[in-house]
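Q: I am new to this structure and would like a close look at a single part of it. Please take me through the surroundings of the bound molecules with some care.

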Amino acid sequence: MLAHKPQVLNLLVKPIGSACNLNCAYCYYLEKEKLYPAKGGRVMSDALLEKYIREFFASQESSVVRFDWHGGEPTLLETDTFRKIVRWQKHYAGGRQVVNSLQTNGTLLTHEWANFFREHGFLIGISIDGPRHIHDRYRRDKAGEPTFDRVMQGIELLKQHGVEFNTLSVVNDYGAEYGVEVYQFLKSLGSRYMQFSPVVERIASEAGPGELRLVAPEVDGAMLAPWSVAAEAYGRFLCTIFDEWVQNDVGYCYVITFDAVLAKWCGVEPPNCAFADVCGGGPAMEANGDIYMCDHFVYPDHLLGNLNDASILDMLVSERQLHFGQNKQDALPKFCRRCEYVSICAGECPKHRISTTPDGESGLNYLCPGLKLFYEHAAPYMDFMKHQYDAGGAPASVMAWARRRLKPLAPNSVATIDFSAIGPYDPCPCGSGKKYKFCCLPENRHTCRTTNH
Ligand code: SF4
Ligand code: SF4
């Protein structure tokens, strides 16, 4: 156990547990209610909320303390609960700055909520998957009705009241085919901080009445859930959005995946734990005070303890939690250790490590083919931005360069291509499917299938 207080602690708190007014088909959290069958135990008591806030301040030494409110749907609670939360924060802050962020499906927002968020500077994350046909595909209410219009009303309210919001979009089997459409839509809403979360779930072959149906990665014999995104489709989704972003929006829109990959490219800590070298940055607390190692690992085997029995600090810096974090690295299959992108990728999130390597080792990330596709596609631009970063310049200067590289071409008009802007490992623009280095790069021209250049 650490002998000193850490600078910063993260903890996602679910003051209403997994309770939600919606019934999104791909949600991995709704069924967590099976872990807490007792009725009435799903709302965090005032005493526990106050204890959490007091201990959370006492557990860390940072001058800014961040509170992350999640669910379920936290706006099922009354605004009065959050007014009490803000009062306790003021009381226990000891002069430190407080940042509150709250993730919501947006369907229950009212003028009262929006006023409250504005008054207390809450940062709001809205869960929206894209335009209507994409969002309503899976995000439905308990009656099976679509929710797009209600989310849009919620966003309008936030805008009316000047509340800052960002977006969280799940990338599933359907939406993955519409990368540019999703990106342009989110931009049109005014979202400048976008998080894309790939859904990869497996369904147990058998689950008793009280057992979870969506299982942890180490469980054998489960089937991929049909709403899971295909790995290559996820890669293409990222690539198409990246092309829009890198030509037009660097420094204006923040796509967390791109920021994280760029951070790793530059050798700094990424803003997304999926690309961090170790885990442990996203533990979660349920309404009864149970703390789990990660929001993506709310399974009985990953329970650290309960706030009523142990301190937050003891749980979050415990040997078990440190081992969970370190295991992200230690459990990497040899295939990943040999991968040219491992220093960027870190094997991505262990929740997605359900595949087998070509040589039969388990623990490969299911998204690997898509991740590689994206790293390879983004590499020249990441290199460019890294050089800018190293030289103290602005990465945004990549946009003009990217526009020259990615300018639209008339079909088969390779003679018009600016070859000087193409990196040796880029796909060759002649359409051969080979890398440029092994195709039309001048010394290799004799191997190219085209003849007009
Ligand atoms: S398990 Fe996944 S979500 Fe949790 S900390 Fe690790 S990378 Fe992040
Ligand atoms: S790209 Fe694939 S092989 Fe490489 S580190 Fe990531 S998951 Fe492993």
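Which residues are around ligand 1?

A: This is a predicted model, and what follows should be read with that in mind. The residues around ligand 1 are C273, A274, C279, G281, G282, C294, H296, F297, K328, C349, P350 and K351. Sorted by class, this shell holds 7 nonpolar, 3 polar and 2 charged residues, and K328 and K351 are listed in it.

For ligand 2, the surrounding residues are F335, C336, C339, Y341, V342, C345, G347, E348, N365, C368, L371 and K372. Two or more residues of this shell are given by each of helix 11 (334-337), helix 12 (342-345) and helix 13 (368-390), and the largest share, 3 residues, comes from helix 13. By class, the shell around ligand 2 divides into 8 nonpolar, 2 polar and 2 charged residues.

To place these shells in a wider picture, it helps to turn to the sheet. An open sheet of 10 strands, with mixed pairing, runs in the order 9-6-5-4-3-2-1-10-11-12. Its edges are strand 9 (254-255) and strand 12 (303-306), each of which pairs on one side only. Strands of a sheet pair through backbone hydrogen bonds, either parallel or antiparallel. Strand 11 (residues 290-292) runs antiparallel to strand 12 and is joined to strand 12 by 3 bridges, with D290 standing opposite N306 of strand 12.

Definitions and conventions: Residues numbered from 1 in each chain as written. Chains lettered and ligands numbered in written order. Predicted model: local features only at pLDDT ≥ 70, side-chain atom pairs only at ≥ 80, totals over all residues. Pairing = 2+ DSSP bridges. Helix = DSSP H or I, 4+ residues; strand = E, 2+ residues; numbered from the N terminus. Near = placed C-beta within 6 Å. Nonpolar A, V, L, I, M, F, W, Y, C, P; charged D, E, K, R; others polar.
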